[in-house]
Each structure stands twice: as structure tokens, then as C-alpha cells.
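I opened the model today to look up one residue and the sheet beside it, and I note below what I found.

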Amino acid sequence: MKKTPLLNIALSRVIASLGHGDILMIVDAGMPVPAGVELIDLALTRGVPDFISVLDVVLSEMQVESHVLANEMAEVKPPALQVIESLNLDDQLGRQRWISHEDLKVLSRKAKAIIRTGECQPYSNVALVSGVVF
């Protein structure tokens with residue numbers, strides 16, 4: 001059995017397959033998933049699993065070079081934003097970039113995979129850009 005926290009087979013496979021610059025998104029239950037982009041649907045019911053729990057587990061396995069957020073997240077301030085800002089202070093998410101929610105949807109077309117959570121707080125979405133460990 002794996003020693004790291006991540007047990008989901010599909011998610012573990014996708015993270016292991018990431019190369020430098022690949023995009024992995026963690027999104028709320030309402031974010032659309034473009035045709036042709038792999039969906040790892042973890043959503044069970046409203047709020048389960050929550051965005052923060054999924055982000056925490058993904059970061060235990062993924063090297064992140066940078067991340068992208070929607071401007072609307074800063075306006076609405078869902079609980080995920082405080083966690084992301086805390087992770088920024090610890091330099092766990094690399095460089096931060098802000099774009100419109102519409103542009104984040106366009107960016108999602110380039111994602112290697114999208115992880116849908118049960119999160120129902122608006123704009124709880126992040127695009128994580130893979131880094132390297134060397």
C-alpha cells in the first residue's frame with residue numbers, strides 16, 4: 001500500500017504523468033469541464049470532498065511551479081482563498097497569476113486533467129502548473 005496520503009488511483013496516475021508546465025485543475029462542483037479534458041470526479045454530495053482537502057492531498061504529491069486563480073475569487077473570498085494565500089506565504093504554490101473567470105475556463109481546455117470536488121463555494125477553482133523537483 002502507498003505510504004503517501006493520496007489513495008485515488010486515477011488522481012495518482014495523473015499526477016505521476018505530469019511534466020514540467022502541465023496544468024492540473026482543482027475545481028468546485030459547478031465549473032464546466034471542456035470536452036476532451038480528463039475529468040477526475042471526486043464529488044459525492046454538496047461540500048464532500050471540499051476544495052481544501054483535495055488541494056492538501058494533491059500538494060502532498062505534486063510539485064507546483066505556479067498557479068492561476070480567477071479575479072472573481074478575490075471579490076467573493078471563499079474559504080479556499082485564505083488557505084491558498086497561506087500556502088503562498090509558505091511558497092508551496094509558486095508564482096500566482098490572476099485572470100478572469102472566463103479566461104480560467106478557456107485555460108481549462110489546456111489542462112491535463114480536472115479534479116471536480118463537491119465544493120459549492122463560488123469560484124473555488126485553481127489551475128496548478130507543474131514544476132520539477134530538480
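Before placing anything, I note that helices and strands here are DSSP runs, a strand having at least two residues, and that they are numbered from the N terminus. I also keep in mind that this is a predicted model.

Entry one, Val37. I looked up its place first and found Val37 in the loop between strand 1 (23-27) and strand 2 (38-41). I then asked whether Val37 is buried or exposed. Because its relative accessible area is 11% and the cut-off for buried is under 20%, I entered Val37 as buried.

Entry two, surroundings of Val37. Leaving aside neighbours within four places in sequence, I listed Ser108, Arg109, Ala111, Ala113 and Ile114 as the residues in contact with Val37. I also looked up Lys112, which is 75 residues from Val37 in sequence, yet 6.5 Å from it in space, C-alpha to C-alpha.

Entry three, the sheet. I traced six strands in an open sheet, in the order 2-5-1-6-3-4 and with mixed pairing. Strand 2 and strand 4 (95-99) stand at the edges with a single partner strand each, so one side of each has no neighbour in the sheet. On average, and with direction ignored, neighbouring strands are turned by 20 degrees against each other.

Entry four, strand 2 and its partner. Strand 2 runs parallel to strand 5 (residues 113-116) and is joined to it by four bridges, and I found Ile40 opposite Ile115 in strand 5.

Entry five, helices. Helix 1 (residues 9-17) lies across strand 1, strand 2 and strand 5, at about 140 degrees to strand 2, while helix 4 (residues 79-89) lies across strand 3 (64-70) and strand 4, at about 145 degrees to strand 4.

Notes: Residues are numbered from 1 along each chain as its sequence is written. This is a predicted model: local features need pLDDT of at least 70, side-chain atom pairs count only at pLDDT 80 or more; totals for chains, interfaces and linings use all residues. Side-chain values use heavy atoms; hydrogens and water are left out. Buried means under 20% relative accessible area, exposed over 50%, partly exposed in between (1.4 Å probe, protein chains only). Contact means heavy atoms within 4.5 Å. Two strands pair if DSSP finds at least two bridges between them. Axes are lines fitted to C-alpha atoms, for helices over the stretch in contact, and angles run from 0 to 180 degrees between N-to-C directions.
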